[in-house]
Amino acid sequence: MEKVMRLVSENGLVIFSKSSCCLCYALKILFQEIGVTPTVHELDQDPEGREMERAVMRLGCNAPLPAVFIGGKLVGSTNEVMSLHLSGGLIPLVRPYQSISN
């Protein structure tokens, strides 16, 4: 849990992901399309990945992955992020992390 909290606090927009997960990929593309570059941690490529995945679930993420944190707060997994985007709430949250050109 400590490593997860440290990574989240050090970066504004964080996705805990697995490289083979299609839902994780979809969220990465969504963020790319809206002009933000999240810090992505591929848990299947991290020796502590399983422990980190369990820590994310203990923090309240309904589905283990992807898990999205914005500004140090858990937003959720794919359903929560997509619902937020469709309701118009995602872009204001990520605006501080958008590149200048957007």
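Start with the sheet: select the four strands, which form an open sheet in the order E2-E1-E3-E4, with mixed pairing. Keep in mind as you go that this is a predicted model.

Now colour the two edges, strand E2 (39–42) and strand E4 (73–76). Each has a single partner strand, so one side of each is left without a neighbour in the sheet. Turn the view to look across the strands, and you can follow a twist that averages 25 degrees from one strand to the next.

Next, zoom in on strand E3, residues 67–70, together with E4. The two run antiparallel, and three bridges join them. Pick valine 68 here: standing opposite, in E4, is glycine 76.

Time to bring in the helices. Show helix H1, residues 2–10, which lies across strand E1 (13–17), E2 and E3. Its direction makes an angle of about 145 degrees with E1. Then add helix H2, residues 22–33. H2 also lies across E1, E2 and E3, this time running at about 160 degrees to E1.

Last stop: the loop between E2 and helix H3 (49–58), where you'll find proline 47. Buried or exposed, and what is the relative accessible area of proline 47? Switch on the surface and check: proline 47 is exposed, at 81%, where the cut-off for exposed is over 50%.

While proline 47 is still selected, add glycine 60 and draw a C-alpha to C-alpha distance. The pair are 13 residues apart in sequence, and the line between them spans 22 Å in space.

Definitions and conventions:
Residues are numbered from 1 along each chain as its sequence is written. This is a predicted model: local features need pLDDT of at least 70, side-chain atom pairs count only at pLDDT 80 or more; totals for chains, interfaces and linings use all residues. Side-chain values use heavy atoms; hydrogens and water are left out. Two strands pair if DSSP finds at least two bridges between them. Axes are lines fitted to C-alpha atoms, for helices over the stretch in contact, and angles run from 0 to 180 degrees between N-to-C directions. Contact means heavy atoms within 4.5 Å. Buried means under 20% relative accessible area, exposed over 50%, partly exposed in between (1.4 Å probe, protein chains only).
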